[in-house]
Amino acid sequence: MYRTKGSVFMDIDNGGSSLSFVMSNEEKLPDLGKYSVLIEVRACGLTLPLCDINTISQTLRKSGKKRVAVGQDISGVVRAVGTDVSSVRIGDQVVGIIPLDYEQSGCAEKLVLQEYDVVIKPNSVSFIDAASCIGEGMTAYLALHYLGRMTSGDTILVVNGASPLGSACIQLAHHWGARVVATCSTSDEKLYLQTLGNKLGEKLSILPLFQPLKPTIILKK
């Protein structure tokens with residue numbers, strides 16, 4: 001049986017009218033199954049549910065729960081593995097995403113995941129960088145590769161290109177040989193996109209907008 005200290009959760013206070021962060025002294029972790037891995041967390045992105053407090057409160061009341069785990073994007077070191085784990089070994093540095101239904105906080109000393117929830121972290125990428133980009137990076141990859149079927153020579157429009165997701169989309173699209181058109185809503189965002197384009201060795205087509213929009217991806221074949 002494994003336990004962890006310092007797990008951070010989000011509690012609903014005052015009858016569901018406010019949120020607060022709490023740190024648990026000790027949490028029992030799930031048993032190490034055949035395909036499970038025990039990870040010593042080195043970095044965690046403090047992701048929160050993408051909804052308002054009323055939605056969070058209603059969800060918790062329906063489920064009978066009083067708290068929400070904080071931090072889904074993690075990086076760390078494998079400290080134990082199940083008997084049938086084949087993709088990672090003890091001592092490997094990994095990065096991964098905690099599934100929403102696991103109820104484990106990524107902001108903790110340790111956690112137990114399935115081996116397919118993590119991948120090997122490149123040595124050239126720090127723990128902090130890995131944890132901070134895995135979520136947006138996976139979203140961008142799924143959108144462009146699996147949903148958009150983007151190929152070299154395509155033109156991609158990224159709305160709100162200076163956002164974390166927009167930045168990930170721009171870099172992946174450039175890597176795959178697509179032409180990128182990105183929008184921005186402030187002078188700082190425009191400067192960021194120009195700097196990003198210079199680093200990529202490409203002059204991005206930048207379209208200023210007066211109002212910020214949600215990140216959007218449009219492909220033109």
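In the predicted model, Lys-203 is located in the loop that connects helix H4 (187-200) to strand S13 (205-208). The relative accessibility of Lys-203 is 80%, and the residue is therefore classed as exposed, the threshold for that class being over 50%. Arg-179 is separated from Lys-203 by 24 residues in sequence, and the C-alpha to C-alpha distance between the two is 9.7 Å.

Helix H2 (127-147) contributes both to a surface patch and to a pocket lining. Tyr-146 is part of helix H2. With a relative accessible area of 43%, Tyr-146 is assigned to the partly exposed class, which lies between the limits of 20% and 50%. Together with Met-138, Tyr-141, Leu-142 and Leu-147, Tyr-146 makes up a nonpolar surface patch of about 510 Å².

The second largest pocket encloses a space of about 510 Å³. Its lining consists of 22 residues, and those nearest the pocket centre are Val-95, Ala-130, Cys-133, Ile-134 and Met-138. Met-138 is thus named both among these central residues and in the nonpolar patch. By residue class, the lining comprises 15 nonpolar, three polar and four charged residues.

Four secondary-structure elements each provide at least two lining residues of this pocket: strands S8 (93-97) and S10 (118-120), and helices H2 (127-147) and H3 (164-175). The largest share is supplied by H2, with nine residues of the lining.

Terms used
Residues numbered from 1 in each chain as written. Predicted model: local features only at pLDDT ≥ 70, side-chain atom pairs only at ≥ 80, totals over all residues. Heavy atoms only, no water. 1 Å grid on protein atoms, 1.4 Å probe; cavity = no way out; pocket = protein on both sides within 12 Å on 5 of 7 lines; lining within 4 Å. Points joined across faces, edges and corners; volume = space filled by probe spheres on them. Nonpolar A, V, L, I, M, F, W, Y, C, P; charged D, E, K, R; others polar. Patch = residues over 30% accessible without salt bridge, like charges linked within 9 Å, V, L, I, M, F, W, Y side chains within 5 Å. Areas by Shrake-Rupley, 256 points an atom, 1.4 Å probe, with all protein chains shown as cover. Salt bridge = Lys/Arg side-chain N within 4 Å of Asp/Glu carboxyl O. Buried < 20%, exposed > 50% of the residue type's maximum accessible area, 1.4 Å probe, protein only.
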